[in-house]
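Visitor: Please take me through the empty spaces in this structure. I would like a close look at the largest cavity, and then at whatever helps to place it.

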Amino acid sequence: MSSKPNTQKGLYLYDYILSGNCYKVRLFLSFLQLDHELIPIDFFPGFEHKQTEFLELNPLGQIPVLMDDGFVLPDAQAILVYLAAKYDSTEAWYPKDPKLQGRITQWLAFADSITGSCSAARLHDKLGFKLNIEQARKKGHQNLRLLDDHLVENKIVGKDWLVLNRPTIADIACFPYVALAEEGGISLNDYPAARSWINRFKKLPQFIVMPGIPPLHGMKNNEGKFFNQEGLCFS
Amino acid sequence: MTKTTDPVAINDWQVIGRIDDFLKGQPKQTRLLGQSLVAERHKNGDIKVHEISELGETLRSCPVQEKFGHVWTTLGKPKRELFDIPEFQQIDRKYVGCGGVMVKASALRVVENFLDIGHFPYVHTDFLGSEPLTEVKDYKAEIRIDVDEVWADDISFHQDKAMLSATGGKAVEYMYRVVSPFNTVLYKTCPEKPEEWDIIGLFAQPLEENLCRVYAFMLVFDSQNTETDLIHFQQMIFFQDIIILENQLPVGVPLYDGAERSIKADKTQLQFRKWLKQKGLQFGTDQET
Ligand SMILES: N[C@@H](CCC(=O)N[C@@H](CS)C(=O)NCC(=O)O)C(=O)O
Ligand SMILES: [Fe+2]
């Protein structure tokens, strides 16, 4: 591994710049303003996450993996729960309420289904992974339909986010691969509520970007045309 | 799509993968210029490439060479040797291959975007440029007939983080070199060795008119960063470009008469298009008004 922490003290994230699952942890670390160090993993083209040294950290051979004072924790959703429980003294991101925690966990599990569909399609389209692309896109659209419908229903009762009227780790867990869906050939055209939700994320204090998830004001090319998140072009 | 009839694209060397992508006994199928290929490394270490039909029958065998960390083939009879990048012989340079990334765009659009320094502050904000320091000083771009390449030099630009090894924002010098229609390298100020240039390059495999696989690589002097750090940096930059590349219209690079007037392209892009037009390249271009 490129640079293994020589001390066990501190917060480390085994990270890949293009991974949405790593990004959700980076994003939460930013929201919580927690000092940490990234340990880059050569996910592609090196497949370092499938090599012995990494498999000792996470036998599933998946990133992200968090290391906090020597405590090793794989799985993005598990990491979000852990970070919220340990470091979010406001209890805003994962409220100590049985029903809310149950509801949030429901979305954390759903986030893995988004990974299995939207992220899989992106790995196929961008990095050439061999998988059933039609199936991945179909499942991706089903997930997006469900998420969009839920956001619409929430809006009616005055909630802007998946569980509450403020973001929780449920939103963070689902956000990256929804925002990156187009890179897997899954258009967000039919999911306006999801698109608004993406834009709300970008207005949060301490929001950070990743490649493929540009800032709200969009990007401009040399022809003076702007490109926003959905890849729509407006002058 | 079926195999292109464009003789210019056919009679040239094209990249089909990284050398490491081809392991003994693991034949790989890929596409080139609308044609299906199968490539396999044999017991003696040689790679054999064949065109295959849609049913998988072997049609004809294609010449192969392994160079610059990548595998090259041709669907025709190249009129000239594969271009040279002499810096590959400097053994103290760090070579980093970033792997093949698929882009739903013409390979020529990818090369063209690579040549465009105008987009840095907007697309690679805080890394390769930032507003309001968007000014590009006047520079020179030309077709070099003797070597049949497009060159741009004397380019100077303000960058916040030009390379991973750069500390703080500074003026960075660039030279661009298009070695063949789908392949290009740039030379930029080397933060660690001012007397040398760092090299970043793109080899684009034109799969279909509107689809390519792009292999980025670096040949740099950098004792500070690991190979993984460098790959992450380069992939970050490239994935910032992808949204723009996949949304450009028309899909092909416009080469019809008057196209250069309707689009505000920069100088190097204009020379690039002129050069493509002189060559008569068709694949990945837009010839209609
Ligand atoms: N449930 C895991 C899934 C993580 C995951 O799929 N990570 C991807 C990269 S984003 C990975 O490492 N894939 C390799 C594999 O699954 O073999 C999480 O949320 O962390
Ligand atoms: Fe770019």
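Guide: In this predicted model, the largest cavity holds about 260 Å³. By the rule used, there are three cavities of 30 Å³ or more. The lining of the largest cavity comprises 24 residues. Nearest its centre lie Phe114(B), Leu128(B), Leu186(B), Gln234(B) and Ile237(B). By class, the lining has 18 nonpolar, four polar and two charged residues.

Now the elements around it. In chain B, two helices, α2 (107-115) and α4 (227-245), each supply at least two residues of this lining. So do three strands of chain B: β11 (170-180), β12 (183-189) and β13 (197-208). The top contributor is α4(B), with seven residues.

Follow α4(B) outward to an open space. α4(B) also gives the largest share of the lining of the second largest pocket, six residues. That pocket has a volume of about 710 Å³. Its lining counts 31 residues. Nearest the centre are Ile17(A), Val209(A) and Pro211(A) from chain A, with Phe127(B) and Met236(B) from chain B. Elements giving two or more residues are β2 (37-40) of chain A, plus α3 (120-123) and α4 of chain B. The lining splits into 18 nonpolar, eight polar and five charged residues.

β13(B) leads to another pocket. The largest pocket encloses about 870 Å³, and β13 of chain B is among the elements that give two or more residues to its lining. The others are α4 (98-127) of chain A and, in chain B, β1 (14-18), β2 (28-32), β8 (94-103) and β14 (211-220). β2(B) gives the most, with four residues. In total, 31 residues line this pocket. Gly128(A), Lys130(A), Lys28(B), Gln29(B) and Arg213(B) lie nearest its centre. The classes here are 15 nonpolar, eight polar and eight charged.

One helix pair in chain A completes the tour. α6 (169-179) and α7 (192-202) of chain A pack with axes 11 Å apart, at an angle of about 110°. Angles of 65 to 115 degrees count as roughly perpendicular, so α6(A) and α7(A) fall in that class. The crossing is left-handed. From α6(A), the residues in contact are Asp171(A), Ile172(A), Cys174(A), Phe175(A), Val178(A) and Ala179(A). They meet Ala194(A), Trp197(A), Ile198(A) and Phe201(A) of α7(A). This contact has nine nonpolar residues, no polar ones and one charged.

Methods:
Residues numbered from 1 in each chain as written. Chains lettered and ligands numbered in written order. Predicted model: local features only at pLDDT ≥ 70, side-chain atom pairs only at ≥ 80, totals over all residues. Heavy atoms only, no water. 1 Å grid on protein atoms, 1.4 Å probe; cavity = no way out; pocket = protein on both sides within 12 Å on 5 of 7 lines; lining within 4 Å. Points joined across faces, edges and corners; volume = space filled by probe spheres on them. Nonpolar A, V, L, I, M, F, W, Y, C, P; charged D, E, K, R; others polar. Axes fitted to C-alpha atoms, helices over the stretch in contact; angles between N-to-C directions. Parallel < 35°, antiparallel > 145°, perpendicular 65-115°, else oblique. Left-handed = near helix turned anticlockwise from the far one by under 90°. Contact = heavy atoms within 4.5 Å.
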